[in-house]
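Work through the exercises below with the sequence and the model side by side. Each one sets a task and then solves it in steps.

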Amino acid sequence: MSPRIPSLLAAAVCLLSACHKAPPPVVVPPPSEEEQLTGEVNALSTEAALLLEEQHRLVWDYWTEGKAVDIAATYSGKQALFSLENLRRIDRLRHLTKDPRELRALTALHGHFAGEFLARELAEYNDASANLEASLKLSVDGREVRYHDLERLLANEKSALKRKALYAAATPALTRLNQTLVRREAKTGELVKQMGFESYEAFGSELRQADLERLAQLAEEVLQATQEPYRLVMERLSQRELGLPFAQITRADIPRLFRSREVEDAFPKGESLAKAQATVAGLGIDLNALPNVKVDARDLPQKNPRPLAMAVKVPSDVRLSFKPGTGVLHQGRVLHEVGHLLHTAFTQEQRFELARLGNPTVGEAYSALFEDLLEDPVWLEENAGVLGDADKRAQYLATSSAHKLYLIRHAAGRLLYQLELHRRTDVDPRELYRALMARTGAMPMTEDDVARYLVDQEDFYQSADSFRAWFLAGQLQGQLKARFGPAWWHAPEAGAFLKELWARGTAPSARELTQAIGENGLAPDVLLLRLSTTLQVPMKLDLRRLDDSPTPPAPASPATTPTSGPQQMPRAQATPLPS
C-alpha cells in the first residue's frame, strides 16, 4: 500500500490548492483628473498659507519695531509657486468641481495666486513708480517740498492762492511718473491675457466678485440721486470752512475743505484704544481676555503711528498694533482696525481660502461699521469730549457726513471711469477722465487736474469694494439699531449677533451677508437716508437693491481639455460665487 501514499498526497495537495486558490489581484483604478488636481491644489494652498503667515510675521516686526525685513527673500525657492501653470491647475479644478463651497474656496485661491503672479511680473514697474514717487520733489516759493507731503500741506495751507500754487507745482513732477504708469498699464493688459482672461474687466469681475455692469448702473443712479444734494452740501461747507462759494473752489482746496474731520481736542492723546476697548466691552467682548488676540500698545519711537490689525494666522493668531495719537482721524483708524480684528478673531472657518482670502468687501463693511460710530450722535455724546456740546457736534457731523458723501460719489465716478476706459479702445483717457470726474466732483477740471488721470487710476476696479462696503455697513448698522436699540454697542446680544456673522470668515458675499441679517441685496438707501437726515438735504431714495452675484458662465469644455500646455487650457472666465 505504501507506493500509493505519494499519489494520494499529490491528490490532496491538488485539492487543497484548488480550494484555496489565491484571489485575483485588486485592480485600483487610476485617480480621476479631479482627484489628482485636488491633491495638487491642496498642496499649493498649504504652501501659500505658510508663506503668507511668514510674510505677515515679518510685516508685524517691521510695523511694530521698525525691524529691517526682506519680504522678497521669502520667495526664495518658491519662484514656481505662483506660476501660470499652477494658476491653470486651480482654474481647471474650478471647472471640474460641482460643490458650491469648493468652488468658492478655489475662486478665492485663484484670485490670490493671480495677484501674486501679477505682483511678481509687475515688480519692476511697481518698484520704479514707488521709488520715483518717494523721490519726487516740487519747488514752492524757493523751497523744495516732497510730493508725498502734498496732501498734508494743502490741508494745512490757509491761503487759496498758495494751495493752488502748491497743487500746480506738483504737475511737472508727475510727468516722469506717468511714463512709468503707462508702461505698467500696458504690461498689466498683456498679463491678464496670459492668465487666460478674455478682458481686463473679466478679471476685475472675478476679483471683485461682482457683476460690474450692475454695479455701474448703481453707481450711475447714486450720482444722479445725490447730484443736487451734494451741490447744496458743498456750498454750505465751502462757505463755512474756506470762506468761498463752491463755484470758486478747485480740487486743490479739497484737503483743506475736509480738514475739520481732524478735531484734535475731541480725542486726547492715548484715549483712542481705551474708547474702542470700552465700546466692544459693551458687546460682551474683552479684547485683553481673548487668547488668540495680541494687542501691542507700546509707544516705541520706531513704531508706525498708524493702527494696524494683522491676522498672522486666522483665527489663532490675530494682532493689533497701536501707538497713541490724537484727533478724530486717529480714533477712526483705531475703530476701523478693531473691526478687522474682531472679524478675524471670531472666525470659526478653518479652511485657509475661506478664512482669509477672497474679496474684501464684507470685511471692510465690518470695519466701516465700527468706524461709522464717529458719525453716530449717541456714541459721540458718550465719547467725544468737547464734541459733547450740541452745536460743535452738529457742525462736526455735518462735515463728516459731507466727506462721506464726497467719498461715495468719488468711488462711483472712478468705477464708471475705469469701466468705460477698459471697454473702449477709441477713447482719449484724459478727456474721459475730465468729463466723468468733473461731473462727479461737480467742479470744472483744470489741466492740472487732468494731469492726474494716471495717478488717480486704480487696479481692477478697487472702488467697487469700498463703494459696496459703505452701503453694507449702513445696512448692518440699521439692523443693529432696530434689533438692539440706538446704542447697540451696549447690548451683549448685539455682540452675539455679530459673532455669528464673523464666524463665517471671508466666505460670504455681500449679498449673502444681507440675507443673513434679514435683507435681500445691497441697499444704498439706508446709508443715504442717514446722510440726508444729518445733512438736512432731501435725496431721492428709491434706488434699486443690488444683487452682486454675477450669473455663472458656462465652463469652456472642461471634460475634454487637458491640463498641460498654456494654449490647451480653457479660457478663464469671471467665476462667480454661488447665490
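Two residues are in contact when they have heavy atoms within 4.5 Å, and an angle between two axes runs from 0 to 180 degrees between their N-to-C directions. The model is a predicted one.

**Exercise 1. Describe the open sheet of three strands and find which helices lie across β3, β4 and β5.**

Step 1: The three strands follow the order β3-β5-β4, and the pairing within this open sheet is mixed. The edge strands, each pairing on one side only, are β3 (293–296) and β4 (308–313). Neighbouring strands of the sheet are turned against each other by 20° on average, with direction ignored.

Step 2: Look next at β4 and β5 (residues 317–321), which are joined by five bridges in the antiparallel sense; one of the residues to locate here is L308, whose bridge partner in β5 is S321.

Step 3: In the loop between β4 and β5 lies P315, and the peptide bond that joins V314 and P315 is cis, with omega at about 0°.

Step 4: Helix α2 (residues 33–65) lies across β3, β4 and β5 and runs at about 150° to β4, while helix α13 (residues 327–345) also lies across β3, β4 and β5, running at about 170° to β5.

**Exercise 2. Determine how the side chains of β1 are arranged and how β1 is joined to β2.**

Step 1: Along β1 (residues 137–140) the side chains alternate, with L138 and V140 pointing to one face, where they are buried, and K137 and S139 pointing to the other, where they are not.

Step 2: Strand β2 (residues 143–146) runs antiparallel to β1, and four bridges join the two; within this pairing, S139 stands opposite E144.

Step 3: The two strands form a hairpin with two residues between them, and D141, in the turn, has a positive phi of about 55°.

**Exercise 3. Work out where the buried residues of α21 sit around the helix and what they pack against.**

Step 1: The buried residues of α21 (residues 492–502) are A494, G495, F497, L498, L501 and W502.

Step 2: Seen down the axis of α21, these residues fall within an arc of 160°, so they line one face of the helix. As a general point, an α-helix has 3.6 residues a turn, so residues three or four places apart point the same way.

Step 3: The buried residues of α21 pack against α13, α15 (361–371), α20 (463–484) and α22 (510–516).

**Exercise 4. Decide whether F460 and Q536 are buried or exposed.**

Step 1: F460 is in the loop between α19 (447–450) and α20, and has a positive phi of about 55° although it is not a glycine. Residues under 20% relative accessible area are buried, so F460, at 6%, counts as buried.

Step 2: Q536 is in the segment after α23 (525–535), and its phi is near 60°, a positive value in a residue other than glycine. Exposed means over 50%, so Q536, at 65% relative accessibility, counts as exposed.

**Exercise 5. Identify the residues that touch the most other members of the largest nonpolar core, and the helix that gives the most to this core.**

Step 1: The largest nonpolar core has 156 residues, of which M195, F370 and F467 touch the most other members.

Step 2: Helix α17 (residues 390–423) gives the most to this core, with 13 residues.

Step 3: There is also a second, separate core of five residues, among them W60, W63, M310 and V312.

Step 4: For the chain as a whole, buried residues make up 54% of the 579 residues.

**Exercise 6. Judge which parts of the model call for caution by comparing pLDDT along the chain.**

Step 1: The chain averages a pLDDT of 88, and 89% of the residues score at least 70. Among the elements, helix α1 (residues 4–19) has the lowest mean pLDDT, 48, and helix α21 the highest, 98.

Step 2: Over residues 1–6 the pLDDT stays under 50, and the model has zero contacts for them beyond four places in sequence. The pLDDT is also below 50 over residues 551–579, yet this stretch has 69 contacts in the model beyond near neighbours in sequence.

Step 3: Where pLDDT is low, the predicted coordinates should not be read in detail.

Conventions. Residues are numbered from 1 along each chain as its sequence is written. This is a predicted model: local features need pLDDT of at least 70, side-chain atom pairs count only at pLDDT 80 or more; totals for chains, interfaces and linings use all residues. Side-chain values use heavy atoms; hydrogens and water are left out. Two strands pair if DSSP finds at least two bridges between them. pLDDT is the predictor's confidence in each residue, from 0 to 100. Buried means under 20% relative accessible area, exposed over 50%, partly exposed in between (1.4 Å probe, protein chains only). The arc is that of the directions from the helix axis to the C-beta atoms. A nonpolar core is a set of buried Ala, Val, Leu, Ile, Met, Phe, Trp, Tyr and Cys residues joined through side-chain atoms within 4.5 Å.
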